[in-house]
Amino acid sequence: MVAVLAVKRLGDAKSRLVSTMGDDAAHGAETSGGDTSGGKIAADSAPATLSPAQRERLRADPGAFVLAMFADTIATLHEAGIRDVVVVTPDHRVRERAQQLAAHVVDEPGDVAGDLNAAYALGAATARTRWPAHRQVLIVQADLPAAQPTSLREIVDAAVERGESMVTDRAGTGTSLLLRPMTAHELPRFGPDSAAAHRAAGVVELDPEHLLWPDVRTDVDTVGDLIAALRLGVGEHTRSVLKDVRIPGATASGVGEQSDAS
Ligand SMILES: Nc1nc2c(ncn2[C@@H]2O[C@H](COP(=O)(O)OP(=O)(O)OP(=O)(O)O)[C@@H](O)[C@H]2O)c(=O)[nH]1
Ligand SMILES: C=C(OP(=O)(O)O)C(=O)O
């Protein structure tokens with residue numbers, strides 16, 4: 001299996017994360033799914049906080065945070081045994097980081113820029129040419145810092161003989177990852193309400209009850225997503241960028257623990 005990731009220009013990335021920064025300080029963490037109640041952290045779960053210094057750091061360089069989550073996502077792929085990785089990006093910092101992580105980088109051409117599905121299709125086409133022996137491609141979001149290799153392996157096993165398959169995000173509306181035969185040529189349907197779009201296109205939803213794999217479902221777009229990821233435990237690169245984030249119940253390192261995905 002080969003994995004394909006796409007990362008947009010870092011200067012344009014994570015606008016929702018930056019715009020939700022501060023919500024946690026004023027109101028308790030804003031969330032977009034999972035353990036929520038009325039859009040807020042459930043009453044029986046203590047509010048998490050980002051420190052003012054940490055919020056300032058994220059605001060000042062969201063790109064460093066994107067790169068950290070990207071590195072943790074690739075580390076998890078590697079630990080799950082997926083060594084062949086294609087990254088499509090127009091950004092030089094992402095390119096350099098991807099190369100350090102032994103990924104094959106595709107420079108995003110101007111006519112693809114701004115079109116995530118075209119970027120994924122370009123990555124899959126490159127993977128077909130570069131590694132023709134692979135039978136499956138895993139199109140995966142690059143912002144899954146809590147993802148665990150064991151979950152990825154379970155997902156790959158669950159997809160056997162199921163055709164094109166997906167796992168939704170924790171809100172159930174987006175798509176964390178899509179598994180396809182290498183021979184699939186049509187554009188994927190990532191973007192707003194992509195879970196419904198993929199379902200309508202005949203993609204099999206793995207674990208439709210959403211009972212499994214919260215770590216893989218937690219893509220980080222908002223502060224609420226970030227808190228959810230930290231509670232699950234994130235990889236070492238994300239931990240390092242967020243080293244002074246305080247999460248109730250966390251250990252002395254200050255964030256949730258993740259034993260084997262970094
Ligand atoms: N290469 C490439 N990657 C993209 C493109 N659009 C989105 N992505 C990536 O796809 C993932 C989801 O993208 P978005 O949700 O649109 O953007 P985001 O930066 O995560 O968050 P927002 O700015 O809040 O929308 C992120 O990893 C992006 O970097 C694109 O046009 N080209
Ligand atoms: C692009 C997607 O994700 P998000 O915008 O939530 O990062 C998606 O779920 O299809």
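# Close-up views of a predicted model

**View 1. A low-confidence stretch, residues 26-47.** Throughout residues 26-47, pLDDT remains under 50. The model still gives this stretch 42 contacts beyond four places in sequence. Residues 251-262 also have a pLDDT below 50. For residues 251-262, the model shows 37 contacts beyond near neighbours in sequence. Where pLDDT is low, the predicted coordinates should not be read in detail. This is a predicted model. Across the chain, the average pLDDT is 85, and 82% of the residues reach at least 70. The scores for the model are ipTM 0.98 and pTM 0.88.

**View 2. The shell around ligand 1.** Ligand 1 has 19 residues around it. The closest are Ala-6, Lys-8, Ser-15, Arg-16 and Leu-116. Three elements each supply at least two residues of this shell: helix H1 (15-20), strand S4 (84-89) and helix H6 (116-130). By class, the shell around ligand 1 holds eight nonpolar, four polar and seven charged residues.

**View 3. The shell around ligand 2.** Which residues surround ligand 2? They are Leu-116, Asp-169, Gly-174, Thr-175, Phe-190, Gly-191, Ser-194, Asp-219 and Asp-221. Two of these residues are nonpolar, four are polar and three are charged. Leu-116 is also one of the closest residues to ligand 1.

**View 4. The span recorded as a domain, residues 69-190.** An unreviewed UniProt entry places the feature "domain: MobA-like NTP transferase" at residues 69-190. In the model, helix makes up 37% of this span and strand 21%. The C-alpha atoms at the two ends of the span are 19 Å apart.

**View 5. Three residues recorded as a binding site.** UniProt, in an unreviewed entry, lists Thr-175, Gly-191 and Ser-194 under "binding site". They spread over 20 residues of sequence but cluster in space. Their largest C-alpha distance is 8.4 Å. Thr-175, Gly-191 and Ser-194 are also among the residues that surround ligand 2.

**View 6. Thr-175 and Gly-191 in their settings.** Thr-175 sits in strand S8 (residues 175-181). Is Thr-175 buried or exposed? Thr-175 is buried, because 27 other C-beta atoms lie within 10 Å. Leaving aside residues up to four places away in sequence, Thr-175 touches Met-166, Thr-168, Asp-169, Phe-190, Ser-194, Ala-195 and His-198. Gly-191 belongs to the loop between S8 and helix H8 (194-200). Gly-191 has 12 C-beta neighbours inside 10 Å, so it counts as exposed.

**View 7. A positive phi at Ala-102.** Most residues other than glycine have a negative phi. Ala-102 is not a glycine, yet its phi is positive, near 65°. Ala-102 is in the loop between helix H5 (92-100) and strand S5 (104-107). Why does Ala-102 count as exposed? Ala-102 counts as exposed because it has 11 C-beta neighbours inside 10 Å.

**View 8. A positive phi at Asp-207.** Asp-207 is not a glycine either, and its phi is positive at about 50°. The loop that holds Asp-207 runs between strand S9 (204-205) and helix H9 (214-217). Asp-207 counts as partly exposed, because it has 15 C-beta neighbours inside 10 Å.

Note on methods:
Residues are numbered from 1 along each chain as its sequence is written. Chains are lettered from A and ligands numbered from 1 in the order in which they are written. This is a predicted model: local features need pLDDT of at least 70, side-chain atom pairs count only at pLDDT 80 or more; totals for chains, interfaces and linings use all residues. pLDDT is the predictor's confidence in each residue, from 0 to 100. Two residues are in contact if their C-beta atoms, placed from the backbone, lie within 7 Å. A residue is near a molecule or strand if its C-beta atom, placed from the backbone, lies within 6 Å of it. Helices (H or I, at least four residues) and strands (E, at least two) are DSSP runs, numbered from the N terminus. Ala, Val, Leu, Ile, Met, Phe, Trp, Tyr, Cys and Pro count as nonpolar, Asp, Glu, Lys and Arg as charged, and the others, Gly among them, as polar. UniProt positions are given in the numbering used here, feature names are shortened, and annotations may be inferred rather than shown by experiment. A residue is buried if 20 or more other C-beta atoms lie within 10 Å of its own, exposed if 12 or fewer, and partly exposed in between; C-beta atoms are placed from the backbone.
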